[in-house]
Every structure is written in structure tokens, then in C-alpha cells.
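Work through the following exercises with the sequence and the structure at hand. Each task is followed by a solution in steps.

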Amino acid sequence: MHSINPTEWELPLAIFVFTTCTLVIGVAGWGLSASADRLADRTGLGEAVTGALLLGGTTSLSGIVVSVTAALDARAELAMSNALGGIAAQTAFLAVADITYRRANLEHAAASTANMMQGSLLVTLLAIVLVGAYSPEVTVWDIHPATPILLATYLYGISLVRKSRTDPMWQPELTEETRTDQPDQETEGVSLGGLWLRFGGLALTIGVAGWVLKHAAVSLSEQTGLTQTAIGMVFTTVSTSLPELVTTIAAVRRGALTLAVGGIIGGNAFDTLFVAASDVAYREGSIYHAISDRLVFWIALTILMIGVLLMGLIRREKVGFMRIGFESCVILILYLSAIALLFAGG
């Protein structure tokens, strides 16, 4: 019988476990989109807030399990690269979703006050992580002051997102391609308790798969010689971010565009809390000061990608080249170039 200690796993077993967990996360993530869309209508929260809190937080469960358990094992590099790399990957997923939506550019059709507010919140949270990394290494019970600030800013920002939906001070101009957040009639006969039960079961599945995935990632790092940064930035982030990809594409196909964009941006904002949770779990001091130069590069890159996305939501190009917006193209180029630099040792 194989030990749970990943360093004792043989490479074929590690690859098999990693692949299996990835598939489980992807399949469970697909079912979350429909459940979240229906809950948005039945609870009255709306697609943007549901995307940020329920869909964004739940699809991030596997990622937060990987980061926290890695931090508990004093693997700060894996914990932080998984937390921060996932944000960049998920932002790139929006460009992939843009390709699948043929009627107009996603930035045009899904523009909303709530999504703009979520994007601004995400940039603010990432900036706090950078400030924490370059501030004095002062901790209280091995927790850096940036951690409670990060949590408080997130909670305050989410309240602003909800207020921007119910009482917006400005709104994007409506066009024939704009898809507003309208309740679906099909949800009327569905039990609210049943929706929550299904949603919770899928969330639990994703969380358990994330815990097992972390062990497989550690084994892959040990067996292949790849750095924890490479493993975290590429392999675990893409695997644990699969729910975001499949739920985004599923939401786009359902016509729930605000949910699709809100799930990604809101999920990214939630993912910054991986850093806070990892700092609490990391007992070697401030995890912010365990950030390598490569991780700083990824934070800066992610801020750049979000800035491009926000400009796209404001500009609202209706139809771009090959039905993909200019900003989506830039986001994909930035992400793929960064991956190439990572493996090239740049």
C-alpha cells in the first residue's frame, strides 16, 4: 500500500493521481455553473455577487487547500506560487471564454458596474500583497499585518460590489448585445434546499480533490526536479483553476455572462485570501517575505492583465478580429509569454 507521503510515490503514481484529481475538479466544476446561476436567481443576490462569493469562492476551494497545506509543510514557494499563479491563469481563461462566445466580444456584452468594481478590488488586493512583501518583516504570532488588512479590504470591497449592483451611481450603455442579469424562469420550480445541497456536494468534492492534488504536486516536484515555482505557477494553478474555466464556459453558453465574468474576477479577488490563509498556516515567519523575484514578477503581470481587462470593459469593443476582443488577445499573449519566460529561466 502506498504511503500518503508524496516523496515516496513513484512518478507514474504521482502523474496518475494528479491527472485523476484534475479530471474530478473539472467535472465537479462544470456542475457548479448551473447551480450558481439558479442560486443567483432564487436568493436574489444577482449573478455578479453570486459569481464573486459562491462561484468564485467554491471553485477556489481546491486551490486554497493546496496553498494552506503547502504552507503548513513550510513549502512557502509552492503555497504562494499556487495562490498568485492561479489569478493570472484564471484571467487568461476569460480570453478563452471570449473565443467561445460568438455573438460579440465578452468585454462588450458582460460590462457591468459590479464587474468593474470587482476588477478594481482585485488590483487593490494584489497591491496590498506587494506592499506586504516590501514592508518591514514584522509579525504578530508569526502573522504579518498585511494579512488582516487583506481580509478587511476584501470584505469591505465585496460590500461595495453588492451596493454597486443595487444602487449604482453609473451604468454601462445598453446595446443589443449587452446581456443583463435577468432571472431564469426555469428556477421557479426548483427546491432551494436541493440547490444548496447539490452546490455543497460539488464544493466538497473540489476541496477533497485539491487536498490530494497537493500531495501529487509535491511528488512531481521531487521526482522531476522542477522547482516549486514552476509546479505551482503552471501545473497546480491550471489544475485547481479548471473549475473556473469550465464554469465560465458553461455560464457563457447559458447566456449568464455577468456570472461568467463575475465568477472569474470575483474568484480572483477571493484567491488573494489564499495568501492571508497561507500566512496564518506558515509558522516560519512572514510568508510575504518568502516571495521570490519570480513571484513578484507574476503579481505585477497579473495587475497588468487585470488593467487590460478593465480597459476592455470600459472600451467595450463590439466585435474584434476572429470574434475575439483586442484586450482578450493581449491578455493571452501576456500570459503565454510569461509561461515561456518561466520555463526559459527568465
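**Exercise 1.** Find the side chain with which the side chain of Q90 makes a polar contact, and describe the setting of Q90.

*Solution.* Step 1: in this predicted model, the partner is D271, whose side chain makes a polar contact with that of Q90 at 2.9 Å. Step 2: locate Q90 in the chain; it belongs to helix α4, which covers residues 76-100. Step 3: check how accessible Q90 is. Its relative accessibility is 2%, and buried means under 20%, so Q90 counts as buried.

**Exercise 2.** Describe helix α4 by its span and by how many of its residues are buried.

*Solution.* Step 1: count and span. Helix α4 consists of 25 residues and runs 36 Å from its first C-alpha to its last, close to the 36 Å expected at 1.5 Å a residue. Step 2: burial. In α4, 22 of the 25 residues are buried, so this helix is largely enclosed by the rest of the structure.

**Exercise 3.** Which residues touch the most other members of the largest nonpolar core, and which helix gives the most to this core?

*Solution.* Step 1: the core has 64 residues, and those touching the most other members are L150, V275, I287, I291, W298 and Y335. Step 2: list the helices that each supply at least two residues of this core: α3 (61-72), α4, α6, α7, α10 (242-254), α11, α12 and α13 (326-344). Step 3: α4 gives the most, with 13 residues. Step 4: look beyond this core. Another core of eleven residues lies apart from it, and W9, A14, I25 and L213 are among its members. Step 5: return to I291. Leaving out residues up to four places away in sequence, I291 touches M80, V129, A133, V296 and I299.

**Exercise 4.** Where does A290 lie, and with which residues is A290 in contact beyond its neighbours within four places in sequence?

*Solution.* Step 1: A290 sits in the loop between α11 and α12. Step 2: beyond neighbours within four places in sequence, A290 is in contact with A76 and E77. Step 3: compare positions along the chain and in space. A290 and A133 are 157 residues apart along the chain, while their C-alpha atoms are separated by 8.1 Å. Step 4: the relative accessible area of A290 is 23%, so this residue is partly exposed.

**Exercise 5.** How many salt bridges does the structure hold, and which residue forms a salt bridge with D142?

*Solution.* Step 1: the structure holds one salt bridge. Step 2: R283 forms a salt bridge with D142, and the closest N and O atoms are 4.0 Å apart. Step 3: the pair links distant parts of the chain, 141 residues apart: R283 is in the loop between α11 (257-281) and α12 (293-315), and D142 in the loop between α6 (113-134) and α7 (146-166). Step 4: R283 is partly exposed, at a relative accessible area of 43%. D142 is also partly exposed, at 27%.

**Exercise 6.** Describe the protein chain as a whole by its helices, strands, burial, contacts and surface.

*Solution.* Step 1: the protein chain has 13 helices and zero strands. Step 2: 57% of its 346 residues count as buried. Step 3: take the contacts between residues at least 6 apart in sequence; 86% of them join residues at least 24 apart. Step 4: the accessible surface is about 14200 Å², and 66% of this belongs to carbon and sulfur atoms.

Terms used: Residues are numbered from 1 along each chain as its sequence is written. This is a predicted model: local features need pLDDT of at least 70, side-chain atom pairs count only at pLDDT 80 or more; totals for chains, interfaces and linings use all residues. Side-chain values use heavy atoms; hydrogens and water are left out. Buried means under 20% relative accessible area, exposed over 50%, partly exposed in between (1.4 Å probe, protein chains only). A polar contact is a pair of N or O atoms within 3.5 Å; within protein, one must be able to donate a hydrogen and the other to accept it, and residues adjacent in sequence count only if both atoms are side-chain atoms. A salt bridge is a side-chain nitrogen of Lys or Arg within 4 Å of a carboxyl oxygen of Asp or Glu. Contact means heavy atoms within 4.5 Å. Accessible areas come from the Shrake-Rupley method with a 1.4 Å probe; for residues, only the protein chains shown count as cover. The expected span of a helix is 1.5 Å times one less than its number of residues. A nonpolar core is a set of buried Ala, Val, Leu, Ile, Met, Phe, Trp, Tyr and Cys residues joined through side-chain atoms within 4.5 Å.
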